[in-house]
Amino acid sequence: MTVPIDNTRRAILADVLPEYLAARAERLAAEKRERRAAELLRSWLRANGERELIDAETGLGVRLRERQGAPAYDAVAIRERDPALWQRLVDLGCVAVDHRAVRAQERAGQIGGLDPYRIPGSVTEALIVVEGQ
């Protein structure tokens with residue numbers, strides 16, 4: 001919403017917005033440098049067959065650690081092989097419907113009628129910077 005600019009509004013824009021923009025630019029630049037440096041370190045470790053590189057004198061170094069993602073379950077197989085288990089999972093709220101998959105199947109004409117069951121997602125606010133109009 002565009003409102004007339006009075007001195008209070010002008011002051012908040014003049015005093016705080018430039019600081020916000022500078023901090024955001026610094027964060028983005030730092031994140032980019034961090035990603036580049038991390039990839040260089042990972043690449044070096046992999047290329048040299050190393051899992052870690054640690055300075056014995058300072059203790060400063062890096063280590064590769066595998067992280068396992070959350071497991072996935074074959075919902076179709078569960079439903080086909082153990083209908084009682086499938087129903088129990090549904091009853092307990094363990095089964096969720098993938099919004100992106102639903103939208104893709106709706107666009108493909110494979111399914112429909114889910115709108116009455118759609119629950120709105122949580123609402124967040126994004127701060128959008130407007131630069132000239």
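**Close-up views of a predicted chain**

With a relative accessibility of 41%, V16 counts as partly exposed, because that value falls between the 20% limit for buried and the 50% limit for exposed. This residue is a friendly place to begin, and please keep in mind that the model is predicted.

**View 1. V16 helps to make a nonpolar surface patch.** Which residues join V16 in this patch? They are I5, I12 and L13, and together the four cover about 330 Å². To find V16 along the chain, look in helix 1, which runs over residues 7-47.

**View 2. A positive patch also sits on the surface.** Four residues form this patch: K32, R33, R35 and R36. Of these, R36 is found in helix 1, the helix that also holds V16.

**View 3. D6 and R9 are joined by a salt bridge.** Their closest N and O atoms are 2.9 Å apart, which counts as a salt bridge because the cut-off is 4 Å. Are the two partners buried, partly exposed or exposed? D6 is partly exposed because its relative accessibility is 33%. R9 is partly exposed too, because its relative accessible area is 38%.

**View 4. E39 takes part in salt bridges with R42 and with R46.** Start with R42: the closest N and O atoms of this pair are 4.0 Å apart. How are E39 and R42 placed in helix 1? They lie three residues apart, about one turn of the helix. Now turn to R46, whose side chain meets that of E39 at 3.8 Å, N to O. The accessibility values complete the picture. E39 counts as partly exposed because its relative accessibility is 37%, and R42 is partly exposed because its relative accessible area is 34%. R46, in contrast, is exposed, because its relative accessible area of 54% is over 50%.

**View 5. Four charged residues are linked in a network of salt bridges.** Which residues belong to it? The members are R103, E106, D115 and R118. How many salt bridges does the model contain? The count comes to eight.

**View 6. Stepping back, the chain contains four helices and two strands.** Read along the sequence, these elements follow the pattern α-β-β-α-α-α, so a helix comes first, then the two strands, then the other three helices. The C-alpha atoms fill a box of roughly 60 × 60 × 30 Å, taken along the principal axes. How does the radius of gyration compare with that of a compact globule of 133 residues? Such a globule would have a value near 14 Å, but this chain has 26 Å. And what share of the 133 residues counts as buried? The share is 6%. As you move from one close-up to another, you can compare this share with the residues met above, such as V16, which is partly exposed, and R46, which is exposed.

Technical notes:
Residues numbered from 1 in each chain as written. Predicted model: local features only at pLDDT ≥ 70, side-chain atom pairs only at ≥ 80, totals over all residues. Heavy atoms only, no water. Patch = residues over 30% accessible without salt bridge, like charges linked within 9 Å, V, L, I, M, F, W, Y side chains within 5 Å. Areas by Shrake-Rupley, 256 points an atom, 1.4 Å probe, with all protein chains shown as cover. Buried < 20%, exposed > 50% of the residue type's maximum accessible area, 1.4 Å probe, protein only. Lys, Arg positive; Asp, Glu negative; His and termini not counted. Charge placed at Lys NZ, Arg CZ, Asp CG, Glu CD. Rg over C-alpha atoms; globule rule 2.2 N^0.38 Å.
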